Amino acid sequence: MAGIVVVFDFDKTILEVDSDNWVVDELDATAVFDQLLNTMPWNTLMDRMMTELHSKGKTTDDIANVLKKVPIHPQIITAVKAAHAFGCDLRIVSDANSFFIETILEHFGITECFSEINTNPSFIDEEGRLRISPYHDFRHGCKLCPPNMCKGMIIERIQREVDKKTMIYLGDGAGDYCPSLKLEAGDYVMPRKNFPVWELICENRDMVKAEIHEWSDGDEFAKILLHLIDEISTEVDDNQNINTNDCGTTARLFSLDCDFSTSTIPVHEALPQPLPAVPVRF
């Protein structure tokens, strides 16, 4: 095993889009969604939208078919498979829901790459309607996170389980800021550049102990992630008998030039100046 735990957000991290918005838009429910958006928490809203879709005759098969068309960068799929093959423990922490995530992962053939999916539970009720529940109750007490899920609490639980393994966390949204603060020195955080978590980290750089490596698109996601895995693996116990002293490890797992342009970023150069924050979903 590589001694590395990689934790991924899902929407706008593994996927190029937000799966909730994708389903709502593709099934022509945007107008209703926009009317309800400011009246309830996001998780409650998505459960309500499933009721709206059901009332219009949309089935869970219709939802699944739309999810199978969601855009995902091919290099991200390749990187996930490569990291899994290398022995990393891959997990998802997402404010989407289990039906959406499981449908997408199965469609793209990467379900088995993940040891754990932490997300809002969902089920199909007796009427055939998809229902979505909160992951945490609304009393978790974290002021940085939405009421239905504190990703920081999930990261703390994973840290207790994996003990001294190095963690890499990848995310884009404001809800990914809290878990970024839970990472230790020696861990790595990969915020998506010009997205809310990146802006929050820029504004509060001293709060983040982990080493920061920004990324912008699927190509950078793959190059940086696999480069970090290759770099970290040089520090694992010698009894794993893995030769990672050259670029060969990453090259064998992923067909990229070994001359990565995103080697370790000095702390003071890790991120450019912050951009103005904009209201976005957690």
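Start by selecting strand E6 (residues 166-171) together with E7: the two run parallel and are joined by 4 bridges. Keep in mind as you click around that this is a predicted model. For a landmark within the pair, pick Tyr169, whose bridge partner in E7 is Val189. Now add helix H8 (residues 177-182) to the selection, and you have a right-handed β-α-β unit made of E6, H8 and E7.

Next, go to the other neighbor of E7. E7 and E8 also pair in the parallel sense, here over 2 bridges. Color Tyr188 and you'll find it standing opposite Glu211 in E8. Bring in H9 as well, since E7, H9 and E8 make a right-handed β-α-β unit.

Stay on E7 and turn on its side chains. In a regular strand, side chains alternate between the two faces of the sheet. So which residues of E7 sit on each side, and are they buried or exposed? Tyr188 and Met190 are on one side, Val189 and Pro191 are on the other, and all of them are buried, so both faces of E7 are covered.

Just past E7, select Lys193 and Glu214. Their side chains meet in a salt bridge, 3.7 Å from N to O. This pair ties together distant parts of the chain, 21 residues apart: Lys193 is in the loop between strand E7 (188-191) and helix H9 (196-203), and Glu214 is in the loop between strand E8 (211-212) and helix H10 (218-233). Glu214 counts as buried at 17% relative accessibility, while Lys193, at 29%, counts as partly exposed.

Now move to strand E2 and show Arg91 with Glu116. Here the salt bridge is 3.3 Å, N to O. Again the link reaches across the chain, with Arg91 in strand E2 (residues 89-97) and Glu116 in strand E3 (residues 114-120), 25 residues apart. Are these two buried or exposed? Arg91 is buried, with a relative accessible area of 8%, and Glu116 counts as buried too, at 18%. Widen the selection to Asp89, Arg157 and Glu161, and you'll have the whole group that is linked with Arg91 and Glu116 in a network of salt bridges.

While you're in strand E2, click on Asp95, which has its place there. Asp95 is buried, with a relative accessible area of 8%, and its side chain makes a polar contact of 2.7 Å with the side chain of Asn120.

Add Asp20 to that view. An unreviewed UniProt entry lists Asp20 and Asp95 under "binding site". They span 76 residues in sequence, yet no two of their C-alpha atoms are more than 9.7 Å apart, so they gather at one spot. Asp20 lies in helix H1 (residues 19-26) and counts as buried, at 2% relative accessibility.

For a last stop, select helix H3 and find Glu52 and Arg48. Their side chains meet in a salt bridge of 3.2 Å, N to O. How are the two placed along the helix? They are 4 residues apart in helix H3 (residues 42-55), which means about one helical turn separates them. Glu52 counts as buried at 18% relative accessibility, whereas Arg48 counts as partly exposed at 35%. If you'd like to keep hunting, the count for this model comes to 15 salt bridges.

How values were computed. Residues are numbered from 1 along each chain as its sequence is written. This is a predicted model: local features need pLDDT of at least 70, side-chain atom pairs count only at pLDDT 80 or more; totals for chains, interfaces and linings use all residues. Side-chain values use heavy atoms; hydrogens and water are left out. A salt bridge is a side-chain nitrogen of Lys or Arg within 4 Å of a carboxyl oxygen of Asp or Glu. Buried means under 20% relative accessible area, exposed over 50%, partly exposed in between (1.4 Å probe, protein chains only). Two strands pair if DSSP finds at least two bridges between them. A crossover is right-handed if, with the strands pointing away from the viewer, the path from the first strand over the helix to the second runs clockwise. UniProt positions are given in the numbering used here, feature names are shortened, and annotations may be inferred rather than shown by experiment. A polar contact is a pair of N or O atoms within 3.5 Å; within protein, one must be able to donate a hydrogen and the other to accept it, and residues adjacent in sequence count only if both atoms are side-chain atoms.
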